[in-house]
Every structure is written in C-alpha cells, then in structure tokens.
Amino acid sequence: MSSETKQILTTDGIPLEVSLKKAERKNKIKAFLLVAPLLFFLIITYVFPIGDMLFRSVDDKMVTQMLPKTFKAMENWDGQELPDEEVFAAFHEDFIKLVEDKREGKLSTQLNYTKNGFKSIIKKLRRKSKSFEEGNYKEQIMSVHKRWADVEYWRAIKRRAPEFTSQKYLKGMDMYVNEEGKIVSVEEDRRIHRVLWLRTLEIAFFVTVFCFLMAYPIAHLLATLPMKYSNLLMICVLLPFWTSLLVRTASWMILLQQQGIVNDFFVGIGLVADDNRPEMMYNKTGSYVAMTQILLPFMVLPLYSVMKTISPSLMRAGKSLGGTPFVAFWKVYFPLTIPGIGAGCLLVFILAIGYYITPALVGGASGTLISNQIAFHMKSTLDWSFASAMGLMLLSGVLVIYWLYNKLVGIDNIKLG
Amino acid sequence: MALKKDFVKFDKVDKSYDGKVLVVKDLQLDIEEGEFVTMLGPSGSGKTTCLMMLAGFETPTNGEIYLDGKAISSIPPHKRGIGMVFQNYALFPHMTVYENLAFPLRVRKIPKDEADKKIDKALSMVSLQGFASRMPGQLSGGQQQRVAVARSLVFDPQLVLMDEPLGALDKNLRESMQYEIKHIHENIGVTVVYVTHDQSEALTMSNRIAVFNDGKVQQLSSPDELYEKPVNSFVAEFIGENNTFVGEVSDISGGKCKVKIANTDILANPISVKGKGEKTKISLRPERALINPSDQMDNIHSGKIEEVIYHGDHTRVRINLLGNNQFILKVPNSSANLDIKLGKDIKIGWNSEDARALDPS
C-alpha cells in the first residue's frame, strides 16, 4: 500500500516526481537567470570585498615572508636569553637578501609597529653589514648597536612570526599584546578607540530615540488623516529623501552655525546674549540634530505601514469597553505597532552606527563616530588592515544587534511595509 | 420593576458631517428597556451614524440623546458603559480570547476571581468554553464573532450595540448566528440596538424594526406589522417582495377605494390616500394573491403567464396583469397546481384589504 503511494506514475508511465521536476525545470532556470545578474553583482560587490577585508585585517604574512630562515631558527628559542648564533646567522642571511632587494626599509617599518626603535638600528645594520666577516654573526650584529643585544628586540621580532594576527582587532579596542604575550589595555590617556565606540553607540542610541519620539506621532497622523492631507504630509516626510545628503547637511550648517539662522533667532527673541551664542555645531549637538533629521523617514515609513493596517475600530472597541483613551492607546494600539517600532529602530540604529558624511561635516571633534576613524585610516595613515579590522568589528556589532533583536522581538515580526 | 419605555431616547437629533447635507434628520426614536431594536436601511441611510452617536464616536449636530434618562452627548464613549460589537469584530489581535474578555473587566478594576467567573459565564453563553487561551487569529469567523459578542456582554452593560456584526459570515453561519444572538438576548434581557441592511436578519431577530431611509425613520414597528402593514411605498418595497400598481383614485368610500389602472378599476385599502383624483401606488404581497380564487374575493382579474421558475417548495410565476408584466405569484408546489404552463391565461384574485394604496413615490 505504502509503496504504491510512493511511486505514482503519470498516464505515460513516468514516475510523477520525475515528470513534475521536468515540468518545473524550465521555470526554475528562468527564475535563476532573472536573479543571476543581481546574484553576481552581490558576490562581486559585497561577498568578495568583505572576504578581502576579513583577510586583510588578520593578514600578517609580510614579515613572515621577509624573515623565513630567522623564524625557522627561532622555533627552538625559548625567548628567555638572547638567541644563539644559529638565529643570528639566519637573520643575517635573510637580511642580506632583503638589502639586495631593497626591502629592508619595509622590514624596519613593520618591526617598528611592533616595537619602537627598530628603524635606526636596521639602518645602522645595513651600513655595517657590508663589512661583516664570515662567521660569528652574533658578536658582529650585537656590536652594531646595543639594542641588537637587548633580548626585548628579539622577542619583538619573534612576535611577528605567525602569518595571522589579532593585533589590529586589539588595537581597535585600545589593547595590545605586551612583551609577556598578555593582552593588556593601553594607558588611559591613549585610549581613543574605546571612547569612539562608546560615543558611536551613544549617538546611534539617542538618534534612534529622538527619531522614534518624533516619528510616532507623524506616522499616526499619516495613517489616520484623510487622504488629501496625508498625501501632503507624506510628501513633506519624503522630501528629504529626494534631496542630496550633502545639501541637507550643508543646510544644517547654515542653520546651526554660531552666526546662523537659529542663533540669530534666539538672539532676536532675547533667549541668548549676542556675545554668548551657543555652539550647536561641530559638536555632538550637531550630529544629533542633523542625523535625526536625515534618518527620520526611515522611522516614519515602517511605522506608517504598520499603523495603516490597524483598524480604527480597534481603538473604538477599546474605548467602548471602558478604556480611557490612554488605556485604549497603551493596551491596544501601541502593542500592535511594535513590529513597526522594531523595524524602524533597527533600521535607524544600524544606519546611525555606520554614519559617516554628516558627522564628518557637522560633528566636529566631539561628534565624530567610529566610521570617521575608519575613513581616517583608509585615507590618511593608509593602515588598511586596521581600517578593515574596525570595519569588521562594526559589522559584527550590527550582526549582534540583529541577533539580539531577533531573540527579543523576532525578525519575522518586522514590517518594513 | 417596570421596564422603562424610553430607556434610549433620540430627541430631535440632526447630524451633518460637512455642514451642507443632513445625514440624520430630526430623529425621534424611543427604545424600551430590554428590547431588541434593529435599524434597517440601505447604505447611506444614516443608520450607522445613529449607532455611532449612541456609542459616543460621533456627536449629534443638534438635539440630544438620553440613556436611562440622562443626556449623554457630553459623556465620552468609555464612560457610557455601552457594549458594542463591530462589523469586523474588532477583537484585539495581540490578546488571547481570555485577555480580550478580561479587558473591559480590568479597566473597571474588577477582582480577578470575580472577573474569571464572568468570563467563564460569557464564554459558555456563546458556547466557546475551552477557547480562552486561543488567539483571535486561530478562530474561524463565526467563533471570532461569538467572542466579540461575549466581550460586549461580559461587563454586564445595560445596552449593547451591534453594527452589522454578521456581515462577514457566509449564509448558513449567518442564519445560525442570528438565532444564537436572539436567544442570548432573550436569556439575559439586555437592550440591543442592532444595525443591518439585511431585511431577513432584521425580521428574524427584532422586537421592533426602525426602517431608515434618507436620514429618517420611515416606520418603526414589529416585524409582522412592518411586513403586513407598511405605511409607505418605500417600506413596502424595501421589506420583502411586493407587487405594485400605479393608478389614480376614482372613488373612496366605506374603508375601500377604487383605483383606476389601465382602464380597469381595482379595489384597494386606502392607507395614505384621502380623496378622489389622487395618484397612488398599490402594494400587494405575492403570497396574498391566489390563482383559482374563491368567489368571496373582491378582486378577480385574469393575466397571462410569462415566466415560471421552479424553487423547490414553491414556484414563482410571473404574470402580465393589468399592464404590469412584473406581477409575481408564489404558488405552493402541490399536485393541484401542476397545470401552470407558460403562455396560459389564468385567473388571479385577492382581498381588497391586502392591497394597500400608498403614496405614489
């Protein structure tokens, strides 16, 4: 009986499943071909760069490849005393090769990242190494500079042996691996990244809160007003979307600067003294104001789309059953808008956490975010691997938020419209 | 304890939304305590507006509404203590059935054990015991409807409003729900104001029916009176099936009038005609006209059968009678009437008191 139901044949005697697959295949191929361009586009512009970023942020092969023999010889070195002649000879051999290829400068830069003081002693070693005699390299190298006789420097070289490193990630958290190989924080006055991470979270959080507080009534109005008014209001909400981001940010600069329109107005109505105009830009206030305005539509639209589906009779039912307007709102209307709130907050928070142009233009020193730091390392210091590491930390932060949200609210509860 | 005659009173109520058109005109309506009153009318006739004014979601433009002797225009909806069943049920989708029913009790701060008893009672009233923990989305339309009814009754309101509550259900379910609501009303004696555009629903359930048209109550009376004795031609045509003749009164005397139709005089019951020469529309229910009439009937005419439609328990026969080719007869399917054939001439008779001469509109 069961075998009969398993093998149902078509009238032509072909198994039904085979026939079905054959019939569906054409459609499947068509569907795939339709999405294929997007798929390739995503792979090229998204998956591949992120993979490259991940690789770049942990990649530390450069020194490994420059000193292959040295690191091989160092495998047996315990790191307590100075290494023995074998290591020095291997280092000399590697070094001569680098000098021939004119790459010793790169080595000095790289080693200097690990420990300050390598630059000058490598320069000196290059000069002196020309007159080195065969054998007893330990003595000869140590005589070049007293640092070459310092075990700390040899340990620093050994730390660069692994092909991969978590050093950039640690640096992003203001931490490093010290001489004993322990992970420690940098001195308090040199911790710049932690401050930036916290500030990024803080600004993103408050921008989300401000957006929510402003968007909720707007979205409610949009959803309940008669069509002709709500259309007009919708245009007002969407207008920022149709304006260039730079134009919008620039207009905030005109409004918020110390001689700007808002300050003029405050002086005009006597709220502040003319010689004591508050700074509303090039600080956190500037970032808050401009980012809230720019991200507001991302909160309004999901809220609106959810509120639109809530029947007005639910509020009426709440009231007719004896709930005051507030109770009816809080117990009936508000819980039903939670999917929209979740979607809007998630969207705004994630966008805010990686915001770049606006804080760069109006944020000043105290209003910049981690993304500005990433851009700084991409453009100015050219430490791309560090920029990649921070970018990935940001990405994983977003993923954690997404995961948390899924745990708390459930992703399928989200409604973007 | 005598039941109040004017438990709910609409006193000269007008309602306009735009300041130009009156949706409700000079409404005067008394509803007795414990009564089941249906507001029946075509869409746009103002019946739902009246209900919304009673519930407090619309304010009267003029006039006053009294509930149990108190003017309620200035009382917000949540303080009126009126239960309401909405067209689309309006169950709170994020709450279980239990929480939906507990909502009106919680806002009234009723202790939990007492509230639980009331909820149990209300659920058993609509035979939904055991559904308390379900979400509304997991219930069928009929079950949701019954939850909505239970919720509107759970806090023991004196008055329950129902706004086309059965509109979304299929025909069979609708009919069984009609009886169910009717029985609940009979058992607990609550006053119900019910809005519908479905006349059979109104006839089945109500003590009295208010027929609305054009912002006015055309007739307020019991279902049988509404059907048998419509006071104007709108009601006659809106309720049930109706044969009409348009003519002119040629004589009026002794509680009967003669109306001239297509050169033939027929006898009718003068309801809204007063004198000779008035135009009138005569309304006659199909089942009051008989084929093979007995000789006592004072109207006997012959017509030609134009159409015969078989309906199972009866046959509908369309006849061309006195120039009206839309004259409908309902003939019970018995062996005596088997000779109804298309194109045949037959005699039809009725009593003049069943032919009501109404206004000509």
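**Helices, domains and the chain contact in a predicted two-chain model**

Helix α15(A) is a convenient place to start: its 25 residues reach 35 Å from the first C-alpha to the last, close to the 36 Å expected at 1.5 Å a residue. The model is a predicted one, and every value given here is computed from it. Despite that agreement in span, α15(A) carries a kink of about 40 degrees at L295(A). The kink falls shortly before the proline P297(A). Of the 25 residues of α15(A), 18 are buried, so this helix is largely enclosed by the rest of the structure.

Helix α17(A) gives another picture. It has 29 residues, and a straight helix would reach 42 Å at 1.5 Å a residue, yet the end C-alpha atoms of α17(A) are only 36 Å apart. A kink of about 45 degrees is found in α17(A) at F334(A), and the proline P335(A) follows shortly after.

Helix α11 of chain A covers residues 193–224. With 32 residues at 1.5 Å a residue, α11(A) should span 46 Å, and its end C-alpha atoms are indeed 46 Å apart, so expectation and model agree. Here too there is a bend: a kink of about 30 degrees lies at A215(A), shortly before the proline P217(A). The kink residue A215(A) is itself one of the buried residues of α11(A). Others in that buried set include L196(A), W197(A), T200(A), I203(A), C211(A) and L222(A). What do the buried residues of α11(A) pack against? Their partners are four helices of chain A, namely α12 (227–238), α15 (284–308), α17 (325–353) and α19 (370–379). The kinked helices α15 and α17 described above are thus among the partners of α11(A).

Stepping back to the whole of chain A, the secondary structure comprises 20 helices and two strands. The radius of gyration of chain A is 32 Å, whereas a compact globule of 417 residues would have one near 22 Å. Along the principal axes, the C-alpha atoms of chain A fill a box of roughly 100 × 95 × 40 Å. Buried residues account for 27% of the 417 residues in chain A. Among contacts between residues at least 6 apart in the sequence of chain A, 67% join residues that are at least 24 apart.

Chain A is divided into three parts: domain 1 (2–58), domain 2 (61–163) and domain 3 (193–413). The C-alpha centres of domain 1 and domain 3 of chain A are 39 Å apart. Contact between these two domains involves four residues from domain 1 of chain A and six residues from domain 3 of chain A. On the domain 1 side, the residues in contact are two nonpolar, one polar and one charged. A residue of α20 (residues 384–408) of chain A, L395(A), illustrates an intermediate environment. With 14 other C-beta atoms within 10 Å, L395(A) is partly exposed, because the count lies between the limits of 12 or fewer for exposed and 20 or more for buried. L395(A) and N283(A) are 112 residues apart in sequence, and their C-alpha atoms are 25 Å apart in space.

Turning to chain B, the domain assignment gives domain 1 (8–235) and domain 2 (241–290 + 298–358). The C-alpha centres of these two domains of chain B lie 38 Å apart. Four residues of domain 1 of chain B are in contact with six residues of domain 2 of chain B. The domain 1 side of this contact has two nonpolar residues, two polar residues and no charged ones. Within chain B, I188(B) belongs to helix α5 (residues 171–188). I188(B) is partly exposed, with 14 other C-beta atoms within 10 Å. The C-alpha atoms of I188(B) and G34(B) are separated by 8.8 Å, although these residues are 154 apart along the chain.

Finally, how many residues does each chain bring to the contact between them? Chain B contributes 19 residues and chain A contributes 15 residues. On the side of chain B that touches chain A, the elements giving two or more residues are β6 (82–85) and α2 (97–107). The largest share on this side, three residues, comes from α2(B). By class, the side of chain B that touches chain A has 13 nonpolar, four polar and two charged residues.

Note on methods: Residues are numbered from 1 along each chain as its sequence is written. Chains are lettered from A and ligands numbered from 1 in the order in which they are written. This is a predicted model: local features need pLDDT of at least 70, side-chain atom pairs count only at pLDDT 80 or more; totals for chains, interfaces and linings use all residues. Two residues are in contact if their C-beta atoms, placed from the backbone, lie within 7 Å. Ala, Val, Leu, Ile, Met, Phe, Trp, Tyr, Cys and Pro count as nonpolar, Asp, Glu, Lys and Arg as charged, and the others, Gly among them, as polar. The expected span of a helix is 1.5 Å times one less than its number of residues. The bend at a residue is the angle between axes fitted to the seven residues ending there and the seven starting there. The radius of gyration is taken over C-alpha atoms; the globule rule is 2.2 Å times the number of residues to the power 0.38. Domain bounds come from an automatic or database domain assignment.
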